[in-house]
Amino acid sequence: MPFKRPGPAHASSSGFSSASADDTTPRSSKRTKLSILPSVKVYIVQAKLESPAIAELFQLAERNCEKLCSDVEEADVIVTAIGMRKRLERHVAWDIAKNKAVVTPDWLRDSVKEGKGLPCESYIAIEDLHQTTVDNCPDCNLSPCGCDDSDEVAEDVPPPPALGKYRSPPPSEAGSLAEPSHHETHKQTSTSKPTSKTAAVVSGPSVTKTRIPSNLLAPEHTIPTDVSKLSYKSRYACQRASPLVCPNQNLALQLDIIRRSRALEGEERSALSYARAISTLKAYPHVITSRSQAAKLPHIGTKIIGLVEEFLDTGRIAEARRISASTRFQALSTFSSVYGIGPNTARKLVALGLQTLDDLEVYYSADPDEVLQEGQGNAEVTEEGGDGPEDLEKPHEKWWPGKGEAKDTVPKGKTLGGGAMIGDQGSELGESWIRVALGLREDLAIKIPKAEVEEMGRVVMRELDVLEPGCTSTIVGGFVSSPLSMSRIDMVFSYRRGKPESNDVDIVFTHPDATKVKGLCKKLVRQLHEQGMVTHVMRESFSFHGHNPLRTTHWDSLEKALTVFILPPSSPFYKENKGHGVRRRLDLIFAHPEVYWSAVIGWSGSIMFQRDLRQWAKDKCGMKFDSSGITRRYDSKQFYPKTEKEVFDLLALEWVDPTLHDTSQKRKPCQIHW
């Protein structure tokens, strides 16, 4: 956990205190070392200690030891009240703990009381470290050894080796994983350096020049992936090459039908097992022709081996065919394709007797014309201090059942089967957003081609340049193209997953000056809304939060807005559907420059690749990774990779191009020829 100095156990309420003439308490600025443990460096793990105890131990260590360390690697002794290995590993890497004396707080108290370093034998904190604690006990280096009958004084023990690749190197090292402060970032961007590139910024009628550090721009050439260093036998998808189309495509497609059925029915563990098996098959470079081939692959269990064998014998999987023909599966799949409806709500709707989208429109009283009209209003985005654009086309204010009544009133005339309307509670978005999604479903069902995605990026960046010149961005998700640099929008599609079209567009933005990123998402949404381009905000988070290494949810701490977007009529890619501009799903994500590439990777997908990347970081590196940053778990130290590849380097992984991240199958059953 972070090294924090506790406040004094007893503090005066006034800003100063008086001292009598005979007060002999030494001032902190002139504190005299008592030299009881003159060559011992101590690190205190604060977990499981009360504040008074922490203050006491800090005072004892500062007065009587050579140093109270903020970095556990520097210490000779780790003082902790933790008694279990797994709990200790949250705060101290096990490899480091094995090279230290890990003792209880009483060792420090009793050593100071006795006026000398005591043997550690009676103060073992973690039984698994009993022998190493005895061997590394500093009392053996300060006085005649208390561990045996020897009269010799042991020589000084050299400090243990550094943590290596898990520790941030000094910023002065070329190519290091720097950890710049906001001040350093601003300083770097405000000076003219040869490593920066100059790009034209469109800002009103004039054109200015803004320098962007080269590390925030896409590399000029695609970074090659050394496929020979990747292995389809690895249990982690982030160590496998998974192309968009694989030799076992049809087998993976049929297994994916079973996976989706399990997920829609709430059988999450089974769905995950199938997802892992599919990701393994996607990475296998040969056509599977025998049961024994499949049996040698990771995540392929007895059940799936049987399905593979059936596929090899008959060319199909009977269970997948039966599921695909099921009216329940078709209804669940259809309902869950509507934005705001998850598997749980879909099952409830099917239980009420609903089967089609027309049934949903009747149930939710969804009127496409009213939804489109709702997006034409002139709402206003709130200023700083609120939670977000509360007035920006939030239809629940207009359509909430019983407008003008208490919010907890059960709506009348809005039910089937006599119960309250489904979709207004829990983690899903609620019944009013479902109405919006149903009203826009024809538009949102139209795939977005690559050229239109690029145009959306250009249009958004032009508006952002008006607000804050100097930003850069990367479109993430599933597209592929050649690297482009258009109005400083780094559409490095060759770094994404290679799909020719998508359902939505995700763009990650940053600015070289971290102080200018905060609040920029809200300003951009307001600007786009005023220009008639953002019609609805489906979900938003307009505040940054510190990266928490113990957080278990994956809705990251970046500023973001999930919106419905329409290109302006002046755009050559503007399209109409039944007399109105086609609405698109557009997600805007803002990251500080030091975590920009972590955000790009975190939002690039695929789901299984990201899941295993997080798992690898935890299992193999003791790190917490997600799109909002990389943090070492045991001391919450943050790392700031300067390029996309450095994220992989930091996690001791071979670079994998995003076109090889496609571990999942996203094809409809109708595309399978039974």
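How are H13 and H14 set to each other, oblique or not oblique? This is a predicted model, and the two helices make a good starting point. Helix H13 covers residues 327–336. Helix H14 covers residues 343–351. They pack at an angle of about 130°, and their axes are 9 Å apart. H13 and H14 are therefore oblique to each other. Their crossing is right-handed.

Now look at the residues between these helices. From H13 come Arg-328, Ala-331, Leu-332, Phe-335 and Ser-336. They meet Ala-346, Arg-347, Leu-349 and Val-350 of H14. By type, the residues of this contact divide into 6 nonpolar, 1 polar and 2 charged.

Next come the sheets. Strands of a sheet pair through backbone hydrogen bonds, and the pairing is either parallel or antiparallel. One open sheet has 5 strands, in the order S8-S10-S15-S12-S11. Its pairing is mixed. The edges are strand S8 (472–476) and strand S11 (534–541), each of which pairs on one side only. From one strand to the next, the twist averages 20°.

Inside this sheet, follow strand S10 (residues 504–510) and strand S15 (residues 584–590). The two run parallel, joined by 6 bridges. One bridge partner of S10 is easy to find: Phe-509 is matched with Phe-590 in S15. Helix H21 (residues 520–530) packs on the sheet. The helix touches S10, S11, strand S12 (559–565) and S15. The direction of H21 makes about 150° with that of S15.

Another open sheet has 3 strands, ordered S16-S17-S18, and its pairing is antiparallel. Strand S16 (623–626) and strand S18 (638–639) are the edge strands; each pairs on one side only. Strand S17 (residues 629–632) is joined to S18 by 2 bridges, and these strands run antiparallel. Here Ile-630 stands opposite Phe-639 in S18.

Finally, turn to the aromatic rings. A pair of rings is described by the distance of the centres and the angle of the planes. The count comes to 6 aromatic pairs, with ring centres within 6.5 Å as the rule. Take Tyr-236 and Trp-616: their ring centres are 5.2 Å apart and their planes stand at 90°, so the pair is edge-to-face. Where do Tyr-236 and Trp-616 lie? Tyr-236 is in the loop between strand S6 (206–213) and helix H8 (249–264). Trp-616 is in helix H23 (residues 607–621). The pair therefore ties together parts that are 380 residues apart in sequence.

Terms used:
Residues numbered from 1 in each chain as written. Predicted model: local features only at pLDDT ≥ 70, side-chain atom pairs only at ≥ 80, totals over all residues. Heavy atoms only, no water. Axes fitted to C-alpha atoms, helices over the stretch in contact; angles between N-to-C directions. Helix = DSSP H or I, 4+ residues; strand = E, 2+ residues; numbered from the N terminus. Parallel < 35°, antiparallel > 145°, perpendicular 65-115°, else oblique. Left-handed = near helix turned anticlockwise from the far one by under 90°. Contact = heavy atoms within 4.5 Å. Nonpolar A, V, L, I, M, F, W, Y, C, P; charged D, E, K, R; others polar. Pairing = 2+ DSSP bridges. Phe/Tyr/Trp six-rings, centres within 6.5 Å; stacked < 30°, edge-to-face > 60°.
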